[in-house]
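Subject: Structure for your review

Dear colleague,

I am passing on the structure we spoke about, and my notes on it follow below. Please read them with the model open beside you.

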Amino acid sequence: MRRSGIAMACALVSMTIATGMAQAQGTGSAKATESGVTVYGGYRGSTQLTEATTGQNVYLNSSASYALAVDFGIDPNKQWEIFYSRQKTEMTSAGFSAAANNVPLTIQYLHFGGTYFSQGIGNGVYVAGGLGATLLEPDRAGLNSVAKASMSLSAGVLVPIGKNLGLRLEARGYATLLNNSGGMFCGSNTGCTVTVKGSALYQGEALVGLSARF
């Protein structure tokens, strides 16, 4: 199932890239549109979840993150965007056993959406958003990964620092639909050391990025 999901994601990325390049080329003058690739470093925090057996709060530690955005110009103000972000954190709870506490967790987002620059692409304030999936991967034996639908919204500013470079300062929020009233991550046939539930996971992220513009 995971291989099928990866294959579908790769196909979607390929289709989106092809569509974006075709639209960017069809807009006419190169000055009318701008595309770019941005590498970000950031810091991300999370809301709480719940330990399914005890009802205790489950905390996801705030930690560093990084992201990559690929944008394809559509017109002087809009771009298609493929956005990927990754964070390594830990789950902690008073409801976990001492042996199971501080569970390493990797949270990844892959979203397809767009950006809008109020003053024209390449300078000033912008907003962005996307839809896609969240992959939650605990690094502990007996715990399965979980993939869920998610969305993101952001606002930021791009400051040109050269003809082909820009600095992006961005705040982005994520919402992952969990809709889980039982135990997440529990996949072992011999019993689970960690069971987590929740209706949604919300995260906020501050990002600083260097953008190559073309």
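The chain has one helix and 10 strands, where helices (H or I, at least four residues) and strands (E, at least two) are DSSP runs, numbered from the N terminus. Along the sequence these elements follow the pattern α-β-β-β-β-β-β-β-β-β-β.

Please bear in mind that this is a predicted model, in which local features need pLDDT of at least 70 and side-chain atom pairs count only at pLDDT 80 or more, whereas totals for chains, interfaces and linings use all residues. Residues are numbered from 1 along each chain as its sequence is written, and side-chain values use heavy atoms, with hydrogens and water left out.

On confidence, the mean pLDDT of the chain (the predictor's confidence in each residue, from 0 to 100) is 83, and 79% of the residues reach 70 or more. Residues 1-31 call for caution, as pLDDT stays under 50 there and the model has 22 contacts for them beyond four places in sequence, a contact being heavy atoms within 4.5 Å.

For the chain overall, 39% of the 214 residues count as buried, that is, under 20% relative accessible area, with exposed meaning over 50% and partly exposed in between (1.4 Å probe, protein chains only). Among contacts between residues at least 6 apart in sequence, 66% join residues at least 24 apart.

Turning to the strands, two of them pair if DSSP finds at least two bridges between them. Strand β2 (residues 49-51) pairs with β3 in the antiparallel sense over two bridges, with Thr50 and Asn57 as bridge partners, and in their hairpin, which has five residues between the strands, Gly55 takes a positive phi near 80°. The side chains of β3 (residues 57-60) alternate, so that Val58 and Leu60 point to one face and are buried, while Asn57 and Tyr59 point to the other and are not. β3 also runs antiparallel to β5, to which three bridges join it, and here Tyr59 stands opposite Thr92.

β5 in turn pairs with strand β6 (residues 103-117) in the antiparallel sense over 14 bridges, and Lys88 stands opposite Thr106 in β6. From β6, 13 bridges lead on to strand β7 (residues 124-138), again antiparallel, with Gln108 opposite Leu135. The hairpin of β6 and β7 has six residues between the strands, and Gly120 takes a positive phi near 105° in it.

One residue of β5 (residues 78-93) that you may wish to look at is Glu81. Is Glu81 buried or exposed? Glu81 counts as buried because its relative accessibility is 2%. Its side chain forms a polar contact of 3.3 Å with that of Arg172, where a polar contact is a pair of N or O atoms within 3.5 Å; within protein, one must be able to donate a hydrogen and the other to accept it, and residues adjacent in sequence count only if both atoms are side-chain atoms. Beyond four places in sequence, the residues that Glu81 touches include His111, Phe112, Arg168 and Arg172.

Finally, the largest nonpolar core (a set of buried Ala, Val, Leu, Ile, Met, Phe, Trp, Tyr and Cys residues joined through side-chain atoms within 4.5 Å) has 28 residues, of which Met91, Phe185 and Val196 touch the most other members. β6 gives the most to this core, with five residues. Among the residues that Met91 touches beyond four places in sequence are Val58, Leu60, Leu105, Phe185 and Val196.

With best wishes
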